[in-house]
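Me: Please pick one small part of this structure for a close look, and then follow it outward step by step. I'm in my first year, so a friendly pace would help a lot.

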Amino acid sequence: MKKLLWSLTVFGVILIFPVNGVPEFDKMERLPDFNGTHVYQTENNVYSKAKPTMVELTFVKNPVERSAVCLDGSPSGYHFHPGSGSGAKNWIVQFEGGGWCGTIEDCVNMKKTSHGSSKYMEKRIPFTGILSDKAAENPDFYNWNKVKVRSCDGGSLMGDNENQDAKLQFRGKRIWTAVMVDLMTFNGLREAKQALLSGCSTGGLTAILYCDNFKWYYPKGKVKCLSDAGLFLDATDVAGDRPLRNLYRDLIQLQSVTTQLPNECLKRLNPTSIREGLTPKSADPNGSWSDCRLNIAKCNASQIKFLQGFRTQMVNLISSFTKPRKNGVFINSCFTHCQTENQDTWYSKNSPAVKNKRIAVAVGDWYFERRGAKLIDCAYPCDKTCRNEVAE
């Protein structure tokens, strides 16, 4: 991929196990439910009791005619919050995470969730972290136009196929196209001067896969891509096996994803070379990794050694990516998933930091090219700024 890309990867992102064959990203991604009021600590050590801005769900126009539908055929959607002032022509487009389904059975089950049907989606969601519209919480991007594209296709918005017998629609590619056309036609995205394509977890992978496509819309604008916890390595699990390869092979075939992948990538890699879990139940039948998987502080010495080996592999693999001047990385050892979306990890007094630079500051420095942002944390547990939170 030739275009600019920034990767935020957390140590805990791969510590995920499948449930009924579907990777359980949901519990890891979703923070505890908001009670309507949340207290954030800001840069100036001032507490803000402002409620997070709640943003309505918008369905794409003419979804059936355009086949821009979720797994169950319901309309796909997104949440849009307009920018203002100096940010009126700047945009953040963010992909929701939510996992994949690689078999008919798994996809049928996913149809009964918000990741497979808009019937189950929240009609309003809070915009926090990088999507916050408050300067004290998001100083570099607070007044930009912001979009959250919902995940309901089970395939990182890359498929274009259907299974009539199971009444399944794999229309991720058409969802992406429909969202972009609607935003450009009705919301002003066509006039964007600066844009940031972002996403977390499976949405982070979507941001990587669509980076070149997004840049194509704005050849003269400033466009960059941020992948939060979307770097999935082909690593072996705790039993030395690779049990999830079949899942991604099935996903590629089921949703006809190969035709949507970048040719430059396909020349170098098999399309199933996406990701591998470290602690699936199949590799840990006795549950010896259960406590460690949920709380890294409960890992024993041998488990930590295994995880540090994964860290070393990841750091080595991205070494060439970090060389170009305009690329950036922020890799910490915090056991927290999707840090750009969480206000406490994105921008607060006690947010995680590498070399005294917090995530929001590092992303802003990289995007606006104020200074370099190639920050890699020391190995766990040396980083004392980590909160090591896992939402359950």
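**From one strand pairing outward**

Reply: Let's start with Leu57, which has His79 of strand 7 standing opposite. Please keep in mind as we go that this is a predicted model.

Strand 6 covers residues 53-59 and strand 7 covers residues 77-81; the two run antiparallel and are joined by three bridges. Strand 6 also pairs with strand 9, residues 124-127, again antiparallel, and here there are four bridges. You can find one end of that second pairing at Thr53, whose bridge partner in strand 9 is Phe127.

Now go back to His79 and look at its side chain. A polar contact of 2.9 Å joins it to the side chain of Arg150. Arg150 sits in a loop, the one that runs between strand 10 (145-149) and strand 11 (161-163). Is Arg150 buried or exposed? Its relative accessible area is 2%, so Arg150 is buried, since the cut-off for buried is under 20%.

Next, step back along the chain from strand 7 into the loop that connects helix 2 (63-66) with that strand, where you will meet Ser74. Ser74 has a relative accessibility of 5%, so this serine counts as buried too. Which residues does Ser74 touch, if we set aside neighbours within four places in sequence? They are Val69, Ser117, Ser118 and Lys119. With Ser118 there is a polar link to look at: a polar atom of the Ser74 side chain lies 3.0 Å from the backbone nitrogen of Ser118. Ser74 also shows how the fold brings distant stretches of sequence together, as Gln169 is 95 residues away along the chain but 9.4 Å away in space, C-alpha to C-alpha.

From here, let's turn to the aromatic rings. There are 16 aromatic pairs in the structure. One of them is formed by Trp144 and Tyr367: the ring centres are 5.6 Å apart and the planes meet at 75 degrees, so the pair is edge-to-face. It bridges a long stretch of sequence, with Trp144 in the loop between strand 9 and strand 10, Tyr367 in helix 12 (residues 359-367), and the two positions 223 residues apart. Trp144 is buried at 2% relative accessibility, and Tyr367 is buried at 0%.

Trp176 and Phe214 make another pair, this time tilted, with 6.2 Å between centres and 55 degrees between planes. Trp176 belongs to helix 4 (residues 172-186) and Phe214 to helix 6, so this pair ties together parts that are 38 residues apart in sequence. Both Trp176 and Phe214 are buried. They also belong to one aromatic cluster, along with Phe95, Tyr210, Trp216, Tyr217 and Tyr218.

Some rings have a charged partner as well. Lys224 lies over the face of Tyr367, at 5.6 Å from the ring centre. Similarly, the charged end of Lys61 sits over the ring of Phe186, 4.7 Å from its centre.

Helix 6 leads us on to the disulfides. A disulfide is a covalent bond between the sulfur atoms of two cysteines. This structure has seven of them. One joins Cys211 to Cys225, with 2.3 Å from S to S. It links distant parts of the chain, because Cys211 is in helix 6 (residues 211-217) while Cys225 is in strand 14 (residues 222-228), 14 residues apart. The angle about its S-S bond is 95 degrees, and the link is right-handed. Cys211 is buried at 1% relative accessible area, and Cys225 is buried at 0%.

Here are two more to compare on your screen. Cys101 and Cys107 are joined with an S to S distance of 2.1 Å. The torsion about their S-S bond is about 95 degrees, so this disulfide is right-handed. Cys101 is buried at 0%, and Cys107 is buried at 0%. In the disulfide of Cys292 and Cys299, the sulfur atoms are 1.8 Å apart. Its torsion is about 85 degrees, so it is right-handed, and both cysteines are buried.

Last stop: helix 5, residues 202-209. How many of its eight residues are buried? Eight of the eight are, so the helix is largely enclosed by the rest of the structure. Among them are Thr202, Gly203, Leu205 and Ile208.

Conventions:
Residues numbered from 1 in each chain as written. Predicted model: local features only at pLDDT ≥ 70, side-chain atom pairs only at ≥ 80, totals over all residues. Heavy atoms only, no water. Pairing = 2+ DSSP bridges. Buried < 20%, exposed > 50% of the residue type's maximum accessible area, 1.4 Å probe, protein only. Contact = heavy atoms within 4.5 Å. Polar contact = N/O pair within 3.5 Å; in protein donor to acceptor, adjacent residues only side chain to side chain. Disulfide = S-S within 2.5 Å. Phe/Tyr/Trp six-rings, centres within 6.5 Å; stacked < 30°, edge-to-face > 60°. Lys NZ or Arg CZ within 6 Å of the ring centre and 35° of its normal.
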